[in-house]
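Biologist: I'm new to this one. Can you put it up so we can talk it through?
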Amino acid sequence: MTNRPYMDPSGFFREIPLLPHQMVDRLTLAENVIVLCHLGVPQISIDDWSLRIDGLVSKPNLLRFSDLRARRKYSVESVHQCAGSPLAPNEPTRRICNVVWGGARLDEILADCGVQPDVRYIWSKGADYGTFDGLEIDAYEKDLPFERLGEDVLIAYELNGNPLTPAHGFPARLVVPGFYGTNSVKWLTNLRLESDRASGLFTTRWYNDPVLDAFGRPTGRSAPVWAIAPESVIVCPEPGSILKAGVNQEIWGWCWADQGVSDVRIGLNDPVRWQPAELDKKQNRAWQRFSTTWMPTEVGEHTIQSLARATDGTEQPLTGKRNAVHTVAVTVV
Ligand SMILES: Nc1nc2c(c(=O)[nH]1)N[C@H]1C(S)=C(S)[C@@H](COP(=O)(O)O)O[C@H]1N2
Ligand SMILES: [Mo]
């Protein structure tokens with residue numbers, strides 16, 4: 001793209017339509033999908049859009065939207081999660097949904113460009129620009145490890161079977177299933193293959209978590225916010241529910257992790273007793289449903305928690321992290 005697109009709205013813009021107890025559908029309706037735009041929404045027409053692929057490639061390329069559409073179309077059902085504000089990175093926000101992306105495979109597109117052997121990162125830039133946290137930004141820029149490429153990383157132009165809306169990245173965006181949403185650059189205009197990490201502020205300053213030692217002290221190092229850590233939300237019962245003592249109550253919700261979740265435990269009461277939940281198998285990149293039955297016997301206030309463990313053994317922390325356990329308070333009468 002040669003000229004900067006018009007930004008409307010310009011400035012930070014977001015929509016978080018659903019609370020956990022409203023996430024009743026496995027597939028989130030398009031109108032209920034989270035929207036996160038740090039700089040606003042660039043208004044781009046199909047004819048004005050192009051994607052430049054350069055850097056350490058023997059055949060740099062410029063793709064038009066028709067070139068993208070002419071390629072074989074793939075779809076991926078995937079959890080789509082916002083990591084939360086980079087200014088409050090430990091705050092659990094539960095901005096989450098599960099959608100079907102459609103588009104072309106990035107590995108196939110790059111295969112035509114002659115990727116050089118020393119490539120380690122894929123840098124991606126969006127067409128949006130403006131100010132964030134008081135700093136002037138030319139373009140939203142992220143990077144991802146080249147080795148993360150696989151059959152599921154798309155240059156997507158569809159969400160749940162329909163063209164992307166402007167707020168979701170029209171006409172085309174990157175989608176990296178299993179990575180936090182921040183990595184899936186919208187209004188994608190440039191991909192650059194490099195041996196080092198990108199230098200944009202959204203890569204170097206924001207979306208880097210401090211690495212702690214075994215005692216929880218900062219090491220001075222930081223790790224990029226890439227793979228989604230294990231997490232879960234309780235959909236039912238909803239907070240504030242009145243449950244009847246002696247009556248079976250279903251507890252169910254969704255859990256997910258980049259690697260997939262191997263088990264979920266439900267914590268009841270305070271002090272907490274943990275009991276295993278039943279868990280659906282991971283399909284594609286989608287979130288997994290868990291459920292259990294609880295027959296409350298004691299009248300009074302109760303808490304219900306869910307704790308997911310990923311297939312690599314990592315677990316949700318109880319507090320202090322963006323993926324801390326979700327707690328729902330109910331009353332038993
Ligand atoms: N170009 C660009 N891409 C972006 C963003 C952005 O501000 N600019 N926001 C990121 C963040 S933080 C998230 S969570 C996802 C949200 O995608 P969605 O709005 O389509 O749900 O887009 C990511 N891609
Ligand atoms: Mo985000």
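Biologist: Which atom of serine 184 lies 3.0 Å from a nitrogen atom of ligand 1?
Modeller: A backbone N or O atom of serine 184. Such a polar contact is a pair of N or O atoms within 3.5 Å; within protein, one must be able to donate a hydrogen and the other to accept it, and residues adjacent in sequence count only if both atoms are side-chain atoms.
Biologist: Hang on, what should I know about the model and the numbering?
Modeller: This is a predicted model: local features need pLDDT of at least 70, side-chain atom pairs count only at pLDDT 80 or more, and totals for chains, interfaces and linings use all residues. Residues are numbered from 1 along each chain as its sequence is written, chains are lettered from A and ligands numbered from 1 in the order written, and side-chain values use heavy atoms, with hydrogens and water left out.
Biologist: Back to the ligand. What do arginine 173 and lysine 186 do there?
Modeller: An N or O atom in the arginine 173 side chain is 2.6 Å from an oxygen atom of ligand 1. For lysine 186, a polar side-chain atom lies 2.5 Å from an oxygen atom of the ligand.
Biologist: How much of ligand 1 does the protein bury?
Modeller: 100% of the 530 Å² that ligand 1 exposes when taken alone. Those areas come from the Shrake-Rupley method with a 1.4 Å probe; for residues, only the protein chains shown count as cover.
Biologist: Which residues come nearest to it?
Modeller: Ile34, Asp128, His168, Arg173 and Lys186, out of 19 around ligand 1. Near means a heavy atom within 4 Å.
Biologist: And which strand gives the most to that shell?
Modeller: β3, with 3 residues. Strands (E, at least two residues) and helices (H or I, at least four) are DSSP runs, numbered from the N terminus.
Biologist: What space does ligand 1 take?
Modeller: The largest cavity. On a 1 Å grid over the protein atoms alone, a cavity is a set of points where a 1.4 Å probe fits but cannot get out, and a pocket is an open set with protein on both sides within 12 Å along at least five of seven lines; lining residues have an atom within 4 Å of a point. A molecule sits in one if more than half of its atoms lie within 2 Å of its grid points.
Biologist: How much space lies in that cavity?
Modeller: About 240 Å³. Grid points are joined across faces, edges and corners, and a volume is the space filled by probe spheres set on the points.
Biologist: New topic. Which residues lie nearest the centre of the largest pocket?
Modeller: Asp209, Ala229, Lys321, Arg322 and Asn323, out of 26 lining residues. About 610 Å³ of space lies in that pocket. β17 supplies the largest share of the lining, 4 residues.
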